[in-house]
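Subject: Structure handover

Hello,

Here is the structure for you to look over. My notes on what was found follow below it.

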Amino acid sequence: MATYHITHIHSFENCFSGDKESADLWKKIPSLAKENGVSINFFKVNPTEHTFFILADAEDYSQIEKTIGQCKKLGDFSITPVMEQTFY
């Protein structure tokens, strides 16, 4: 299973905190993760910086896309495969 670090950033001007339709896209993530075999290890936000952080495990990248794809129109995303730190 691969681990992915997902970062989402949007601007103050594009903030959807008062937009129920956009917020509902984010609320779908837990059920979509379960449906697509994705395990979400953490989902944290920094509201001041309008930045979201997700760490998720999936067999392949397509499962991640199926889980968060509906949110990609809401801002910029970075999806990075990561591994356990093995330096020491």
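This is a predicted model. Aromatic pairs come first: the structure holds seven. In one of them, F16 and W26 are stacked. Their ring centres lie 6.1 Å apart, with 15 degrees between the planes. The pair links distant parts of the chain. F16 sits in the loop between strand 1 (2-9) and helix 1 (20-27), while W26 belongs to helix 1. The two are ten residues apart. F16 is buried, at 7% relative accessibility. W26 is buried as well, at 8%.

F16 has a second partner, F52. Here the centres are 6.0 Å apart and the planes stand at 70 degrees, so the pair is edge-to-face. The cut-off for that class is over 60 degrees. F52 lies in strand 3 (residues 51-58) and F16 in the loop between strand 1 and helix 1, so this pair ties together parts 36 residues apart in sequence. F52 counts as buried because its relative accessibility is 12%, and the limit for buried is under 20%. Ring pairs also join these residues into a cluster: F16, W26, F43, F52 and F77.

Next, the pocket. Which residues line the largest pocket? They are H10, C15, F16, S17, A23, W26, K27, V45, P47, H50 and F52. F16, W26 and F52 from the ring cluster are thus among the lining residues. The volume of this pocket is about 200 Å³. Helix 1 gives the largest share of the lining, with three residues. By type, the lining has seven nonpolar residues, three polar and one charged.

H50, one of the lining residues, deserves a look at its backbone. Its phi is positive, at about 55 degrees, although H50 is not a glycine. Most residues other than glycine have a negative phi. Where is H50 found? It is in the loop between strand 2 (39-46) and strand 3. H50 is buried, with a relative accessible area of 14%.

Now the cysteines. How many disulfides does the structure hold? The count is zero. C15, also in the pocket lining, has its closest cysteine sulfur in C71. That sulfur is 13 Å away, too far for a bond, because a disulfide needs the sulfur atoms within 2.5 Å. C71 is likewise in no disulfide, and its nearest cysteine sulfur is that of C15. Are these cysteines buried or exposed? C15 is partly exposed, with a relative accessible area of 28%. C71 is buried, at 0%.

Last, S22. This residue is in helix 1. S22 counts as buried because its relative accessibility is 10%, and buried means under 20%. Which residues does S22 touch, leaving out those up to four places away in sequence? The contacts are F16 and L74. F16 therefore meets helix 1 residue W26 through a stacked ring pair, and S22 of helix 1 also touches F16. D57 is another matter: S22 and D57 are 35 residues apart along the chain, and their C-alpha atoms are separated by 24 Å.

To start, I would open the view on F16. It is buried, pairs with W26 and F52, and lines the largest pocket.

Best wishes

Methods
Residues numbered from 1 in each chain as written. Predicted model: local features only at pLDDT ≥ 70, side-chain atom pairs only at ≥ 80, totals over all residues. Heavy atoms only, no water. Phe/Tyr/Trp six-rings, centres within 6.5 Å; stacked < 30°, edge-to-face > 60°. Helix = DSSP H or I, 4+ residues; strand = E, 2+ residues; numbered from the N terminus. Buried < 20%, exposed > 50% of the residue type's maximum accessible area, 1.4 Å probe, protein only. 1 Å grid on protein atoms, 1.4 Å probe; cavity = no way out; pocket = protein on both sides within 12 Å on 5 of 7 lines; lining within 4 Å. Points joined across faces, edges and corners; volume = space filled by probe spheres on them. Nonpolar A, V, L, I, M, F, W, Y, C, P; charged D, E, K, R; others polar. Contact = heavy atoms within 4.5 Å.
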